[in-house]
Amino acid sequence: ALEADASVLAGELKAKKEALLAEVARAQALEADASALGGELKAKEQALHAEVARAQAFEAEVTALQQAGAAKEKALAANLKAAAAKATECEAELTKAKAWHAELEVERAEKKALVQALAQAKAELDKNPGIKWLASICG
């Protein structure tokens, strides 16, 4: 009977050993799965870090473009202000030129009137016999 009990116990021990070995195999498989999942998680984490870095680089580029745009806008505003000042200066110069032109026209008219008056006076003198006689004496 002891042999039978020992044989039963040996069978039970063998079954427990096999069950424990199966548990060890399952634990090793789970550990391998966990390791694979850890590797996947690490790869996903690295991909996310890379995506964050790209987003930050894009954000920096947008900021730089905004700053460059603001600087260009300021420069354009300054150029526009300078152009407006130059236009005002040119308008003043044009007004002066128009005034000088009007003065020249007045002087031309006065000169023309004087030339006509001199021509008329000469014609009057040329008609006068006394002046002709005086001119002949004076030579």
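**Exercise 1. An opening residue**

Is Val-8 buried, partly exposed or exposed?

*Solution.* The model is predicted. Start with location: Val-8 sits in helix H1. Next, take its relative accessibility, which is 48%. Buried means under 20% and exposed means over 50%. Val-8 therefore counts as partly exposed. Now look along the chain to Ala-47. Val-8 and Ala-47 are 39 residues apart in sequence, and their C-alpha atoms are separated by 57 Å.

**Exercise 2. Overall form**

Work out how the protein chain is built and how its dimensions relate to those of a compact globule.

*Solution.* Step one is secondary structure. The protein chain has 2 helices and 0 strands. H1 covers residues 2-127, and H2 covers residues 129-138.

Step two is the radius of gyration. For 139 residues, a compact globule would come out near 14 Å. The protein chain has 58 Å.

Step three is the box. Along the principal axes, the C-alpha atoms fill roughly 190 × 20 × 15 Å.

Step four is a spot check on Leu-134 and Ala-85. These residues are 49 places apart along the chain, with 67 Å between their C-alpha atoms.

**Exercise 3. Burial and surface**

Determine what share of the protein chain is buried, and describe its accessible surface.

*Solution.* Begin with the cut-off: a residue is buried under 20% relative accessible area. By that count, 0% of the 139 residues are buried. Then take the total. The accessible surface comes to about 12500 Å². Carbon and sulfur atoms account for 66% of that surface.

**Exercise 4. Salt bridges along H1**

How many salt bridges does a search of the whole structure find? Take three of them apart.

*Solution.* The search finds 6. Among them are the following pairs.

- Arg-26 and Glu-23: their side chains meet with an N to O distance of 1.7 Å. Both residues belong to H1 and are 3 residues apart, so about one helical turn separates them. Arg-26 is partly exposed at 46%. Glu-23 is partly exposed at 42%.
- Lys-96 and Glu-93: the closest N and O atoms are 3.6 Å apart. The salt bridge cut-off is 4 Å, so a 3.6 Å pair qualifies. The two residues stand 3 apart in H1, about one helical turn. Lys-96 has a relative accessible area of 42%, partly exposed. Glu-93 is partly exposed, with 42% as well.
- Glu-105 and Arg-108: the N to O distance is 2.8 Å. Again H1 holds both residues, 3 apart, about one turn. Glu-105 is partly exposed at 36%. Arg-108 reaches 52% and is exposed.

Why does the spacing suit such pairs? An α-helix has 3.6 residues a turn, so residues three or four places apart point the same way.

**Exercise 5. Cysteines**

How many disulfides does the whole structure contain? Classify Cys-90 and Cys-138 by exposure.

*Solution.* The search returns 0 disulfides. Turn to the two residues. Cys-90 has 43% relative accessibility and counts as partly exposed. Cys-138 has 62% and is exposed.

**Exercise 6. The short helix H2 and its patch**

Describe how H2 begins, how covered it is, and what it adds to the nonpolar surface patch.

*Solution.* First, the start. Asn-128 caps the N-terminal end of H2. A side-chain oxygen of Asn-128 lies 2.9 Å from the backbone nitrogen of Gly-130.

Second, the cover. H2 has 10 residues, and 0 of them are buried. The helix is hardly covered.

Third, the patch. Leu-125, Ile-131, Trp-133, Leu-134 and Ile-137 make a nonpolar surface patch of about 500 Å². H2 supplies the largest share, 4 residues.

Fourth, two members in detail. Leu-134 has its place in H2. At 42% relative accessibility, Leu-134 is partly exposed. Ile-137 also lies in H2. Its relative accessible area of 51% makes Ile-137 exposed, because the cut-off is over 50%.

Key
Residues numbered from 1 in each chain as written. Predicted model: local features only at pLDDT ≥ 70, side-chain atom pairs only at ≥ 80, totals over all residues. Heavy atoms only, no water. Buried < 20%, exposed > 50% of the residue type's maximum accessible area, 1.4 Å probe, protein only. Polar contact = N/O pair within 3.5 Å; in protein donor to acceptor, adjacent residues only side chain to side chain. Patch = residues over 30% accessible without salt bridge, like charges linked within 9 Å, V, L, I, M, F, W, Y side chains within 5 Å. Areas by Shrake-Rupley, 256 points an atom, 1.4 Å probe, with all protein chains shown as cover. Rg over C-alpha atoms; globule rule 2.2 N^0.38 Å. Disulfide = S-S within 2.5 Å.
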